[in-house]
Amino acid sequence: MSPEAPTVAERLERLIRTTGPISVAQYMAEANAHYYATRDPLGAEGDFTTAPEISQMFGELAGLWLADLWLRAGRPATARYVELGPGRGTLAADALRAMRSAGLQPPAELVETSPVLRRAQAEQVPAARWHDDLSTLPENGPLLVVANEFFDALPVRQLVATGTGWCERMVGLADHGFVAGAGPVRPESAIPERLRQAAPGSVLETSPASVAIVRELARRLSAQGGAALIIDYGHERTGLGDTLQAVERHGFADPWMRPGERDLTAHVDFEALAEAARSEGVSIHGPGNQGDWLETMGINLRAATLTKSAPDKGREIAVARNRLVAPDQMGTLFKVMALVPPGWPEPEGF
Ligand code: SAH
């Protein structure tokens, strides 16, 4: 790279040398902003694969879930399809096609910061409108929202138990790459009561960015109607553990090396998201296992129908179904949670 365009590693190294260690959240935010802005990371040629890239059935069932709610809510004409972090636009295309078969043709509003991925999305959903964040989403009409593997990419703070209190984990410089260590002491009130006595070395992650987005989403749903389907890997209850991980070329990598060149994620704390959403008046359904949700939504029937119309693809369809549903694949690691405001029907699948 030219000297005018330093890498993220060079930029963060200079920042830490001049101002001291930075938070894990800042490290993750800067690394992922660059990472997503400069590439399409999905698929066999990229760094990782997601459920909608494995099979069209995933996006179709998400679309049918939304369409079912919309039908039972009395088919409001002003409904919009909203997706957070739509990747290549595959899920959106599959969901919108499935919705069309149910008589629903909503305008698409895509929340995406990456210019590279916006271009990929425009090929799949040419008529979509794009947003940097939720603040510019239309304020009238119900919002039918999907977010798959969006929240796991948002920055987490890490707090570490030291024996003499909880400290913010900060990122400093090592001989090669970066290193995380205990920084300033944080008040105990930042730690859920049942976790305060954790053994020294225990790590608690919080994601203020995710909580803020879910709160805004729930506020909009309460005001405008609609529903949101959040799918991600993570845990149902707030717990301890350092879950920050890096993936490059479909393998695990060191998160403290090459920031901005590998995908950084952390497990989603569904309890924290649910609490934030409830505080804005929506009801929570799940989280449940992705495998169970897909089976309840009819993935087996859909697989059979697809196989019937393309018998030579039967094996491929069965393998894809298994990857999405089987407990030793994505079926139990990934969770599905729904947000539904007052006045909207009970959702299917939970
Ligand atoms: N949902 C897609 C892609 C998941 S990858 C799929 O399932 O295949 C994460 C997505 O979130 C990418 O599209 C990425 O560019 C986007 N993203 C990450 N951080 C974001 C942010 N802060 N605001 C908006 N989009 C973001």
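Which residue in β12 does V247 stand opposite? I found F252 there.

Before going on, a note to self: this is a predicted model, with local features needing pLDDT of at least 70 and side-chain atom pairs counting only at pLDDT 80 or more, while totals for chains, interfaces and linings use all residues. Numbering runs from 1 along each chain as its sequence is written, and side-chain values use heavy atoms, with hydrogens and water left out.

**The small sheet.** I traced β11 (residues 245-248) and saw three bridges joining it to β12, antiparallel. Strands here are DSSP E runs of at least two residues, helices H or I runs of at least four, numbered from the N terminus; a pair needs at least two DSSP bridges. The open sheet has three strands, ordered β12-β11-β13, with antiparallel pairing. β12 (251-253) and β13 (263-265) each have a single partner strand, so one side of each lacks a neighbour in the sheet.

**A338.** I looked this one up in strand β16 (residues 334-340). A338 counts as buried because its relative accessibility is 0% (buried is under 20% relative accessible area, exposed over 50%, partly exposed in between; 1.4 Å probe, protein chains only). Beyond neighbours within four places in sequence, I listed its contacts (heavy atoms within 4.5 Å): W65, A228, S283, I284, H285, P347 and F350. Its C-alpha is 7.5 Å from that of P287, 51 residues apart along the chain.

**Cores.** The largest nonpolar core (buried Ala, Val, Leu, Ile, Met, Phe, Trp, Tyr and Cys joined through side-chain atoms within 4.5 Å) has 46 residues, and W65 and W293 are among those with the most contacts inside it. Helix α4 (residues 56-72) gives the most to this core, nine residues. Apart from it I noted another core of 28 residues, including F151 and I284.
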